[in-house]
Amino acid sequence: MSTFADIDPATGETIADVAISTSEALRAAVAAARAAQPEWAEVPFAERARLLLAGAARLDERAEEVARMATREMGKPFAEALSETRGWAKGVKRTMDEVERALEPEVLRGDDSETRVEREPLGVVAAITPWNFPVGMPLEIVLPALATGNAVVLKPSEHVPLTGELLHEIFSAELPEGLFGLVHGAGDVGAELVASDVDMIGFVGSRDTGRRIMESASRDLKRLVLELGGKDPLVVFEDADLDAAAECAVKHSLRNTGQVCCSVERVYVADAVADRFEALVLEKARGWKHGSGFDEESKMGPMVSAEQRDKVVAQVEDAVARGARLLLGGETPEGAGAFYPATVLADVGEDLDISRHETFGPVVSLSRFSGGEDEAVRLANDTPYGLGANVYTADAERGRRVARRIKSGQVGVNRYLGGAAGAPWVGARQSGFGFLGGVEGHKQFTIPKSISYPVA
Ligand code: NAD
């Protein structure tokens with residue numbers, strides 16, 4: 001039996017050796033899902049929702065256990081893991097209400113016909129997910145896929161296999177045998193799942209992996225939803241509430257040790273206020289202590305792995321060597337664990353690696369602009385990504401205008417992006433293909449079918 005080591009990034013110790021799913025086991029999981037799906041699709045929606053809500057109640061009951069495992073496996077502060085788990089358990093009700101709306105048939109009238117546009121499930125959905133929100137990311141795909149009448153085979157990230165296993169155990173308890181399968185392994189197992197007899201791939205992860213999945217899925221024209229990485233800008237105009245903007249820049253560059261798809265990765269500050277802004281950022285970033293996720297004093301846990309940390313170290317060292325000013329952090333702590341401190345860089349050049357490629361680490365990266373709105377928009381859009389963006393200005397009309405001009409799926413104006421629940425989560429440009437969440441997102445686990453009847 002081949003295994004991989006599930007490592008605690010705070011200590012470097014092995015939590016468990018996890019069995020890698022063999023090709024036979026993977027094929028069997030997909031076949032079992034396929035066998036169970038047609039009957040599941042005939043189960044009335046209310047009953048499907050009831051079973052998934054029972055899973056949500058069990059998740060809430062076991063939230064501490066799940067959160068503890070998430071913290072051990074990927075390092076985030078326990079309070080954050082718990083709030084992620086409880087938040088998703090609570091959110092299942094809203095997801096079910098949205099799915100019910102997504103499944104409502106549309107009735108169209110012709111001169112001599114009536115057409116009902118009904119929503120059919122696609123069949124078997126492969127859910128392939130990352131580690132940074134080990135509860136939220138799998139559930140974002142698994143719940144709407146099952147609720148719309150599909151079967152699912154989940155491959156959680158190899159960094160959080162046991163959190164994935166707990167989720168699987170909790171939600172599959174009352175579901176029909178085989179309907180919700182689980183496989184373990186790294187990218188090779190993910191690639192095998194994509195190439196297997198599935199109808200759709202729901203994927204959250206990096207842009208490079210998304211490309212590979214799209215390429216492989218193109219052979220059989222499998223349906224895809226890809227939620228990928230980002231390089232989100234935050235633009236601070238000279239009239240902005242600087243304290244609020246600095247708070248947003250620091251919190252959303254450092255939260256989850258910077259390992260968030262919609263982290264603030266590039267901050268552009270109007271020249272006239274840049275010195276004051278830098279001082280505010282520095283003051284706030286100093287409060288972001290790192291340490292074990294089980295230590296209540298830690299605002300940031302370790303990074304997920306030493307490899308992930310090495311990428312951040314390389315970007316920061318390159319930036320400093322090429323003219324960026326290091327204002328805080330930037331030194332890898334000695335000792336066990338994949339820790340990296342809150343780091344602040346200023347005068348970061350446009351063409352540096354850290355300005356171009358996703359950092360996914362705890363770095364506040366500051367640059368100045370002096371050319372007004374057009375220059376700010378040009379800089380914000382100077383990336384192939386298009387996940388999120390944030391704008392701070394006291395001029396409401398400018399805020400609306402810049403939000404429209406930035407090419408991304410979600411923009412926050414004078415607040416961090418993302419607000420009322422129910423909006424789809426959209427990766428524009430190379431940050432995604434298709435989207436998840438909200439009524440629009442859930443519809444993507446279905447295909448519309450038009451059935452027409454004659455009318456007198
Ligand atoms: P990753 O792409 O390395 O891995 C994601 C998943 O894909 C893992 O389960 C992995 O085993 C699997 N995988 C790897 N290679 C594969 C292949 N060839 N075929 C099929 N599956 C394969 O990403 P990661 O490091 O786990 O997560 C971090 C990335 O996820 C970042 O880029 C982040 O921005 C992105 N992300 C995006 C969103 C979003 O909503 N847009 C949310 C969270 C994370």
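# A walk from the six-stranded sheet to the ligand

In this predicted model, a convenient place to begin is Leu-226, which stands opposite Phe-433 in S20. That pair belongs to the ladder between strand S9 (residues 223-227) and S20, where the two strands run antiparallel and are joined by two bridges.

Stepping back from this pair, one finds S9 and S20 at one end of an open sheet of six strands, whose order is S7-S6-S5-S8-S9-S20 and whose pairing is mixed. The edges of that sheet are strand S7 (180-182) and strand S20 (432-433), each of which pairs on one side only. For a reader following the side chains along such strands, it helps to recall that in a regular strand they alternate between the two faces of the sheet.

A second set of paired strands can be followed from strand S3 (residues 106-109), which pairs in the antiparallel sense with strand S4 (residues 113-121) over four bridges. The chain passes from S3 to S4 by a hairpin of three residues, and within this pairing Arg-109 is found opposite Glu-114 in S4. S4 also pairs with strand S22 (residues 446-454), to which it is joined by nine bridges, again with the two strands antiparallel. On that side of S4, Glu-118 has Lys-449 of S22 as its bridge partner.

At the level of the whole protein, the domain assignment distinguishes domain 1, made of the two segments 3-228 + 429-454, from domain 2, which spans 232-420. The centres of the two domains, taken over C-alpha atoms, are separated by 30 Å, and where the domains meet, 21 residues of domain 1 are in contact with 28 residues of domain 2.

Both domains also take part in surrounding the ligand, since the shell around it draws at least three residues from each of domain 1 and domain 2. There are 27 residues around the ligand, and those that come nearest are Glu-158, Ser-206, Thr-209, Leu-228 and Glu-358. Sorted by class, the shell consists of 14 nonpolar, nine polar and four charged residues.

Several polar atoms of the protein can be placed against particular atoms of the ligand. Ser-206 has a polar side-chain atom 2.7 Å from an oxygen atom of the ligand, and an N or O atom in the side chain of Thr-209 likewise lies 2.7 Å from an oxygen atom of the ligand. With Ala-191 the backbone is involved, as one of its N or O atoms there lies 3.3 Å from a nitrogen atom of the ligand. Taken alone, the ligand would expose 840 Å², of which the protein buries 90%.

Which elements give two or more residues to the shell around the ligand? They are helix H7 (187-195), strand S8 (200-204) and helix H8 (207-217), and H7 gives the most, with three residues. S8 is also one of the strands of the six-stranded sheet, where it stands between S5 and S9 in the strand order, so that the reader can return from the ligand to the sheet by way of this strand.

Notes
Residues are numbered from 1 along each chain as its sequence is written. This is a predicted model: local features need pLDDT of at least 70, side-chain atom pairs count only at pLDDT 80 or more; totals for chains, interfaces and linings use all residues. Side-chain values use heavy atoms; hydrogens and water are left out. A residue is near a molecule or strand if one of its heavy atoms lies within 4 Å of it. A polar contact is a pair of N or O atoms within 3.5 Å; within protein, one must be able to donate a hydrogen and the other to accept it, and residues adjacent in sequence count only if both atoms are side-chain atoms. Accessible areas come from the Shrake-Rupley method with a 1.4 Å probe; for residues, only the protein chains shown count as cover. Ala, Val, Leu, Ile, Met, Phe, Trp, Tyr, Cys and Pro count as nonpolar, Asp, Glu, Lys and Arg as charged, and the others, Gly among them, as polar. Domain bounds come from an automatic or database domain assignment. Two strands pair if DSSP finds at least two bridges between them. Contact means heavy atoms within 4.5 Å.
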